[in-house]
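Colleague: Please take one part of this model and go through it closely, residue by residue where that helps. After that, please set it in the context of the rest of the chain.

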Amino acid sequence: MANIEERVKGFFARFLDLSPAEITPQVNLRDDLKMDSTEMVELVVALEKEFNIHLKDGEITNRNCVGDLFKTVGEKLG
């Protein structure tokens, strides 16, 4: 799982132009990163492309934390 976390963290840092140190599992997409619904759609599409996975509608929302992304992507990659 640590490898998945590092991959998602690296992806997220590039996607949002942040330092990887700023990306912790507790960071909330809406409250901390101020991601709106348009950015969430872009994030989901980019995650699907980067990790070659399919995410269902509503599987990731801006109410999630980065730790939820680690878990969801990790489960998809099995």
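Modeller: I start with Lys34, which counts as exposed because its relative accessibility, 61%, is over the 50% cut-off. The model is a predicted one. Lys34 sits in the loop between α1 and α2. Its backbone has a phi near 55°, a positive value in a residue that is not glycine. For most residues other than glycine, phi is negative. Lys34 therefore deserves a look for its backbone as well as for its accessibility of 61%.

The same loop, between α1 and α2, also holds Asp32. With 47% relative accessibility, Asp32 is classed as partly exposed, because this value falls between the limits of 20% and 50%. Once residues up to four places away in sequence are set aside, Asp32 touches Gln26 and Val27. Going back along the chain, Leu16 is 16 residues from Asp32, and 12 Å separates their C-alpha atoms.

A second positive phi is found at Asn52, where the angle is about 55° although the residue is not a glycine. Asn52 belongs to the loop between α2 and α3, the latter covering residues 66-77. At 71% relative accessibility, Asn52 counts as exposed.

From the loop I turn to the helix before it. The C-alpha atoms of Lys34 and Phe11 are 18 Å apart, with the two positions 23 residues apart along the chain. Phe11 is part of helix α1. Its relative accessibility is 5%, so Phe11 counts as buried, the limit being under 20%. Neighbours within four places in sequence left aside, Phe11 is in contact with Leu43, Ala46, Leu47, Glu50 and Phe51.

How many aromatic pairs does the structure hold? The number is two. In one of them, the ring centres of Phe11 and Phe15 lie 5.7 Å apart and the planes meet at 20°, so this pair is stacked, the angle being under 30 degrees. Both rings come from helix α1, residues 2-16, and because Phe11 and Phe15 are four residues apart there, about one helical turn separates them. The burial of the two partners is not alike on the cut-offs used: Phe11 is buried at 5%, whereas Phe15 is partly exposed with a relative accessible area of 28%.

The other pair joins Phe11 to Phe51 and is edge-to-face, with 6.0 Å from centre to centre and 70° between the planes. Phe11 belongs to helix α1 and Phe51 to helix α2 (residues 37-51), so this pair ties together parts that lie 40 residues apart in sequence. Phe51, at 5% relative accessibility, counts as buried. Through these ring pairs, Phe11, Phe15 and Phe51 are linked into a cluster.

Now for the chain as a whole. Which elements does the protein have? There are three helices and zero strands, and the order from the N terminus on is α-α-α. The radius of gyration is 11 Å and the globule rule gives 12 Å for 78 residues; the two values are close, so the protein is as compact as a globular protein of that length. The C-alpha trace spans about 30 × 25 × 20 Å along its principal axes.

Of the contacts with a separation of 6 or more, 59% are between residues 24 or more positions apart. Buried residues make up 33% of the 78 residues; Phe11 is one of those that count as buried.

On the outside, the protein exposes about 4800 Å², and 47% of this area is supplied by carbon and sulfur atoms. Its side chains include 10 positive and 15 negative ones, and the centres of these two sets lie 4 Å apart.

To come back to the starting point, Lys34 is an exposed residue in the loop between α1 and α2, and its phi is positive. The helices on either side of that loop are tied by the pair of Phe11 in α1 and Phe51 in α2.

Note on methods. Residues are numbered from 1 along each chain as its sequence is written. This is a predicted model: local features need pLDDT of at least 70, side-chain atom pairs count only at pLDDT 80 or more; totals for chains, interfaces and linings use all residues. Side-chain values use heavy atoms; hydrogens and water are left out. Rings of Phe, Tyr and Trp (its six-membered ring) pair if their centres lie within 6.5 Å; planes under 30 degrees apart count as stacked, over 60 as edge-to-face and the rest as tilted. Helices (H or I, at least four residues) and strands (E, at least two) are DSSP runs, numbered from the N terminus. Buried means under 20% relative accessible area, exposed over 50%, partly exposed in between (1.4 Å probe, protein chains only). The radius of gyration is taken over C-alpha atoms; the globule rule is 2.2 Å times the number of residues to the power 0.38. Contact means heavy atoms within 4.5 Å. Accessible areas come from the Shrake-Rupley method with a 1.4 Å probe; for residues, only the protein chains shown count as cover. Lys and Arg count as positive and Asp and Glu as negative; His and the chain ends are not counted. The place of a charge is taken as NZ of Lys, CZ of Arg, CG of Asp or CD of Glu.
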